[in-house]
Amino acid sequence: MTVAELLDRAKALNVMIATAESCTGGMVAAALTDIPGSSAVVDRGFVTYTNAAKQDMLGVRAETLEAHGAVSEEVAREMAEGALAHSQAQLAVSITGIAGPGGSEFKPEGRVCFGLAVTGRPTLTETVEFGAAGRANVRRAARDHALKLLENGLSELA
C-alpha cells in the first residue's frame with residue numbers, strides 16, 4: 001500500500017493519525033504530509049528526541065524511562081498511548097531507537113522499538129533489529145516499518 005492509499009483508507013474510515021517519533025525525527029509525519037490532502041487525516045506529529053520531551057509532550061513516566069531506558073517497548077507503548085491522549089487521533093504510531101552511530105552491547109545500533117495505539121484496543125509493541133546499516137538507512141527502514149504498522153492499524157479499524 002502506498003502512503004497515498006494509506007491516507008485514502010484512513011479518510012474512508014474517518015480515522016485521524018498521530019505520530020510520536022524519536023530517532024526518526026519526524027520522518028513518518030513528513031512522509032504522511034508529503035501527500036496533498038493529508039490534513040484530512042493527519043492530526044499531528046510529536047518529535048520527542050529527549051527523555052524530557054517524551055515526558056513533557058507525551059506523558060512518558062520517568063519511572064519507565066529509568067527502569068527500561070528510552071529504547072524499549074515500554075517507552076514505545078507510553079509514547080503511542082500519549083500521542084493518542086494528547087491528540088484528536090484514533091490511531092498513533094511511535095518510534096524510539098538507536099539509529100547510530102553507536103549503541104552498546106545491551107542496546108545495539110539499529111535497534112528500534114515501535115508502538116501502535118488504536119482507540120479502544122490494546123497497544124501493540126515490537127522491537128526490530130535493523131542492524132548497523134548506517135544512520136540514514138536505519139531511519140528510513142524505521143519510517144517504512146512505522147508506515148506498515150499504520151496500515152495494519154487501519155485494517156484493525158476496518
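These are my notes from looking through one structure, entry by entry.

**Starting point**

I am working with a predicted model, so I kept local features to pLDDT of at least 70. I checked the record before anything else: an unreviewed UniProt entry annotates residues 5-152 as "domain: CinA C-terminal". I looked up the make-up of that span and got 41% helix and 22% strand. Its end C-alpha atoms sit 13 Å apart.

**Helix α1**

I went to α1, residues 3-12, and asked which residues are buried there. L6, L7 and A10 are. Looking down the axis of α1, I find its buried residues within an arc of 95°, so they line one face of the helix. That fits the general pattern: an α-helix has 3.6 residues a turn, so residues three or four places apart point the same way. On the other side of α1 I noted D8, K11 and A12 as exposed.

What covers the buried residues of α1? The cover includes strands β1 (17-21) and β2 (42-47), along with helices α2 (27-33) and α6 (135-157). After α1 comes N14, and I wrote down its positive phi, near 60°.

**The cores**

Next I looked at the nonpolar packing. In soluble globular proteins, nonpolar side chains tend to be buried together. Here the largest nonpolar core has 27 residues, and V28, L32, L91, I95, F114 and L150 touch the most other members. I checked where this core comes from: α1, α2, β3 (91-97), β4 and α6 each supply at least two residues. The largest share is from α6, with seven residues.

I picked I95 for a closer look. Ignoring residues up to four places away in sequence, I95 touches a long list, including V28, C23, C113, F114, A142 and A146. M79 and A20 are also on the list for I95. Those two turn up again in a second, separate core of 15 residues, which also includes V60 and A80.

**Cysteines**

How many disulfides are there? My search of the whole structure found zero. C23 is in none, and the nearest cysteine sulfur to it, that of C113, is 9.1 Å away. A disulfide needs the sulfurs within 2.5 Å, so the pair does not count as one. Are these cysteines buried or exposed? C23 is buried at 4% relative accessible area, and C113 is buried too, at 2%. I95 is in contact with both C23 and C113.

**F46 and T64**

F46 is in strand β2 and is buried, with 8% relative accessible area. I wanted to know what F46 packs against beyond its sequence neighbours within four places: T19, A20, E21, M57, L58, A83 and H86. The H86 contact joins distant parts of the sequence, as F46 and H86 are 40 residues apart there, with their C-alpha atoms 9.6 Å apart in space.

T64 lies in helix α4, residues 62-68. I found T64 buried, at 4% relative accessible area. With neighbours within four places left out, T64 is in contact with G69, E74, V75 and E78.

**Salt bridges**

Side chains of opposite charge can pair when their charged atoms come close. My count here is seven salt bridges.

- R61 and E63 pair at 4.0 Å, N to O. R61 is partly exposed, at 46% relative accessibility. I also noted that R61, E63 and E78 are linked in a network of salt bridges. E78 is one of the contacts of T64 as well.
- R111 and E129 pair at 2.6 Å, N to O. R111 is in strand β4 (residues 111-118) and E129 in strand β5 (residues 124-129), so this bridge ties together parts 18 residues apart in sequence. E129 is partly exposed, at 45%.
- K148 and E151 pair with their closest N and O atoms 3.3 Å apart. Why do I call this a pair within one helix? The two are three residues apart in helix α6, so about one helical turn separates them. E151 counts as buried at 14%, whereas K148 is partly exposed at 42%.

Conventions:
Residues numbered from 1 in each chain as written. Predicted model: local features only at pLDDT ≥ 70, side-chain atom pairs only at ≥ 80, totals over all residues. Heavy atoms only, no water. Helix = DSSP H or I, 4+ residues; strand = E, 2+ residues; numbered from the N terminus. Buried < 20%, exposed > 50% of the residue type's maximum accessible area, 1.4 Å probe, protein only. Contact = heavy atoms within 4.5 Å. Arc of directions from axis to C-beta. UniProt positions renumbered as here; feature names shortened; annotations may be inferred. Salt bridge = Lys/Arg side-chain N within 4 Å of Asp/Glu carboxyl O. Core = buried A, V, L, I, M, F, W, Y, C linked by side-chain atoms within 4.5 Å.
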